[in-house]
Amino acid sequence: MEKLSEKNQKKTKDKQAQIIESQLLSGILESSSSVSIISTDLDQNIIYWNKGAENIFGYKAEEIVGKRKITIIYNGVTSKKTALKAQKKIKTTKKGTECELQQITKSGEVLWSKMTLTPSLDEKGNVIGILGVGTDITKHKSTEAHLRKLMHQLKKTLTGIIYATELIIETRDPYTAGHQKRVALLAKAIAENMKLSDHQIEGIFMIGMIHDLGKISIPAEILSIPRRLTEAEFNLIKNHPEAGYDILKTIDFPWPIAEIILQHHERLDGTGYPNRLVDKEIMLEAKVIMVADVVEAMASHRPYRAAFGIQRALGEIKQNSGILYDSTVVNACVDVFEKEKFKFENNESVSPLLTSTNELSKM
Ligand SMILES: [Fe+2]
């Protein structure tokens, strides 16, 4: 007896909960003024059209219920196909979906809605229609497009500044003419081979273009000495990563350009400069630039020696793979030359920064 009464009490509670739920739902359906709630049958005939839909699309419920949704709010807009596809998917999977759709109002205005579409089921679980709940995201979409345009302009400006900076450096220092550009191209090819993100690849190219920026702080006479450098001269040259860092450190680039420039002469075993960083302390982008820098410098001609050539340059990085240079970067660089047949555009770079294979391992 007691159990039966408990069962009855539970039934009454469930019924009350259902009533409250349905009252709440119909209240939301009716009063929601900024959310469109549209119910259709499988032929797209509109069965229910709430106040929000009236506000957003400009049609009163009485003038639109019974008409085909697809021919009205998707008339002539690009999302018509997407809307039909979504309906087909719901019909076959019996699962809801979310999509951003272009729709058209009574006055012909095109808007964007974020729609949550769910199947309406009969008692046997068959899909008999679709319930769509949508919010107007037109403003959000146009802000997004505006931001994309701004980002594009900003990137164009940034690229212009990087190219101008590269030109200034090389005008002052003809011995490295083309060096930075070739390092940038090789570093980019290595980064692509490593399947880094587009953002990282773009950053690595930009950094390659100006990685020796700090050389503008070195007296021009030292940069143009057509012989091997003395230790004192070489010590002056070794200031260039810090000088480059100091010039760029306050600029908020989309990549940590200043830090990577500071690290481009570090080596995994801590024998690099200026901070004698070790493997884990060196950023991946700097590891890519350092390998491209070494290979380009060795492959290039010097006033006091002929170019060592690519094979010897690759030999140097292979020999020191995992010791001075990151082995993943070395493997990618070897791949770039041996499998992808990468070639430097010309071979006239003359950099006094890397003067012999012995000095290469010291730097
Ligand atoms: Fe450098």
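**Exercise 1. Find the residue in β5 that is the bridge partner of L121, then describe how β4 and β5 are connected.**

Solution. Start from L121: its bridge partner in β5 is V127. Keep in mind that you are working with a predicted model. Next, look at how the two strands run: β4 and β5 (residues 127-136) are antiparallel, and nine bridges join them. Finally, follow the chain from β4 into β5. The two strands form a hairpin with five residues between them. In that turn, G125 has a positive phi of about 90°.

**Exercise 2. Repeat the analysis for β3 and β4: how many bridges join them, and which residue in the turn has a positive phi?**

Solution. First take the ranges, which are residues 97-104 for β3 and residues 110-121 for β4. These strands run antiparallel and are joined by eight bridges. One pair to locate on screen is I104 with its bridge partner V110 in β4. Now inspect the turn: β3 and β4 form a hairpin with five residues between them. The residue with the positive phi is G108, at about 90°. Putting both exercises together, β4 is joined to β3 by eight bridges and to β5 by nine.

**Exercise 3. Decide whether I210 is buried or exposed, and list its contacts beyond its neighbours within four places in sequence.**

Solution. Begin with the location: I210 belongs to helix α8, which spans residues 198-210. Then count neighbours. I210 is buried because 23 C-beta atoms lie within 10 Å of its own, and the cut-off for buried is 20 or more. For the contacts, set aside the neighbours within four places in sequence; I210 then touches I162, T165, E166, I169 and Q180. As a last step, try a C-alpha distance: A184 is 26 residues from I210 in sequence, and the two are 8.5 Å apart in space.

**Exercise 4. Classify L185 by its C-beta count and give its C-alpha distance to E345.**

Solution. L185 sits in helix α7, residues 179-193. With 19 other C-beta atoms within 10 Å, L185 is partly exposed. Now for the distance: L185 and E345 are 160 residues apart in sequence, yet their C-alpha atoms are 9.5 Å apart.

**Exercise 5. Place these details in the whole chain: how many helices and strands are there, and what share of residues is buried?**

Solution. Count the elements first: the protein chain has 16 helices and five strands. Then take burial, where 34% of the 363 residues count as buried. To finish, consider contacts with a separation of 6 or more: 56% of them are between residues 24 or more positions apart.

How values were computed: Residues numbered from 1 in each chain as written. Predicted model: local features only at pLDDT ≥ 70, side-chain atom pairs only at ≥ 80, totals over all residues. Helix = DSSP H or I, 4+ residues; strand = E, 2+ residues; numbered from the N terminus. Buried ≥ 20, exposed ≤ 12 C-beta atoms within 10 Å, placed from the backbone. Contact = placed C-beta atoms within 7 Å. Pairing = 2+ DSSP bridges.
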